[in-house]
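Me: Please take a close look at a single part of this model and then set that part in its surroundings. I should like each term to be given with its cut-offs.

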Amino acid sequence: MIHILVIHGPNLQLLGTRQPSVYGRQDLESINRQLRQQASQAGVGLTIVQSNHEGQIVELIGRAKRTSQALVINPAAYTHTSVAVRDAIEAAGIPAVEVHLSNIYARESFRHQSLIAPVCRGQVSGFGAASYRLGLEAAIELARAAEPQPPARSASRPRRSAATSRRRH
C-alpha cells in the first residue's frame, strides 16, 4: 500500500485563529480530517504530523525514505529559512509536494523565496485548505507512478514445447 507523510510546519496548530484573513478560518484538525478521508478513498495510508521544531521535521523527513512513497509538506516559516529541511527533502529521494494556504508570492517580499521548492516536484499555494487536498492528490499520483509495475501478461497463447507437441500426435 502506498503511504504518504504530511508535515505541517511551525505555527500551523494556530490555524483558524491566527490571521484568518490570510490563512482562513479552517482549523488544522478539520484539514487533517479531509486529508484522511481523501487518502482513505484513494486506498492510501497517511501519517500526519505538525511540528514547530526544525530538527524534528528534519528527522521525520529522514525516516520517510523507509516508510513513505511521497511527502506533502507545508514548511511554513521554514520555507524561507531552512537549508536543513531543504537538504532533508533532497536526501530522502521521495517525491515531495510543497503546499501553502496563502499565495506566498503575493505577500511580503521575504516570503517570495522558497528554499524548499527546488527540491520538490511541485508547489501548490494560495488555495487555502484546498492547497492541501490538491497537494495530496499530486503526491498520490507521483507515488503511484513510481510504484513498480507487474510484468505485462502476453495476450498470445503460450508456446508448447517440442516434447508436448510430440505427445499430442
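Reply: A residue is called exposed when its relative accessible area is over 50%, buried when under 20%, and partly exposed in between (1.4 Å probe, protein chains only). Phe-127 reaches 53% relative accessibility and therefore counts as exposed. The model is predicted, so that local features need pLDDT of at least 70 and side-chain atom pairs count only at pLDDT 80 or more, while totals for chains, interfaces and linings use all residues. Residues are numbered from 1 along each chain as its sequence is written, and side-chain values use heavy atoms, with hydrogens and water left out.

Phe-127 lies in the loop that links β5 to α5; helices (H or I, at least four residues) and strands (E, at least two) are DSSP runs numbered from the N terminus. In space, the C-alpha atom of Phe-127 is 6.6 Å from that of Ser-102, although 25 residues separate the two in sequence. When neighbours within four places in sequence are set aside, the contacts of Phe-127 (heavy atoms within 4.5 Å) are His-100, Leu-101 and Leu-134.

One of these partners, Leu-101, is also in contact with Tyr-132. Beyond four places in sequence, Tyr-132 further touches His-8, Leu-12, Ile-31, Leu-35, Asn-74 and Val-99. Tyr-132 is among the residues with the most contacts inside the largest nonpolar core, together with Ile-4, Ile-31, Leu-35, Val-72 and Leu-136. Such a core is a set of buried Ala, Val, Leu, Ile, Met, Phe, Trp, Tyr and Cys residues joined through side-chain atoms within 4.5 Å, and this one has 25 residues. Two or more of its residues come from each of β1 (3–8), α2 (28–42), β3 (70–74), β4 (96–100) and α5 (130–146). The largest share, six residues, is supplied by α5. Another core, of 19 residues, lies apart from this one and includes Tyr-78, Ile-89, Val-119 and Cys-120.

The strands can now be placed. An open sheet is formed by five strands in the order β2-β1-β3-β4-β5, with parallel pairing; two strands pair if DSSP finds at least two bridges between them. The edges are held by β2 (45–50) and β5 (122–125), each with a single partner strand, so one side of each lacks a neighbour in the sheet. Neighbouring strands are turned against each other by 15° on average, direction ignored; axes are lines fitted to C-alpha atoms, for helices over the stretch in contact, and angles run from 0 to 180 degrees between N-to-C directions. Within the sheet, five bridges join β1 and β3 in the parallel sense, and Leu-5 is placed opposite Leu-71 in β3. Helix α3 (residues 54–67) packs on the sheet, where it touches β1, β2 and β3, and its direction makes about 175° with that of β1.

Charged pairs are found elsewhere. There are three salt bridges, each a side-chain nitrogen of Lys or Arg within 4 Å of a carboxyl oxygen of Asp or Glu. Arg-36 is joined to Glu-29 at 3.2 Å, N to O. Both ends are partly exposed, Arg-36 at 41% relative accessibility and Glu-29 at 39%. Arg-86 meets Asp-87, with the closest N and O atoms 3.1 Å apart, and also Glu-90, at 3.0 Å, N to O. Arg-86 and Glu-90 are four residues apart in helix α4 (residues 83–92), about one turn of the helix. Glu-90 is partly exposed at 46% relative accessibility, and through shared partners Arg-86, Asp-87 and Glu-90 form one network. The other two members count as partly exposed as well, Asp-87 at 38% and Arg-86 at 22%.

For the protein chain as a whole, six helices and five strands are present, in the order β-α-α-β-α-β-α-β-β-α-α from the N terminus on. Of its 169 residues, 43% count as buried. Among contacts between residues at least 6 apart in sequence, 76% join residues at least 24 apart. The accessible surface comes to about 9600 Å², of which 50% belongs to carbon and sulfur atoms; the areas come from the Shrake-Rupley method with a 1.4 Å probe, and for residues only the protein chains shown count as cover.
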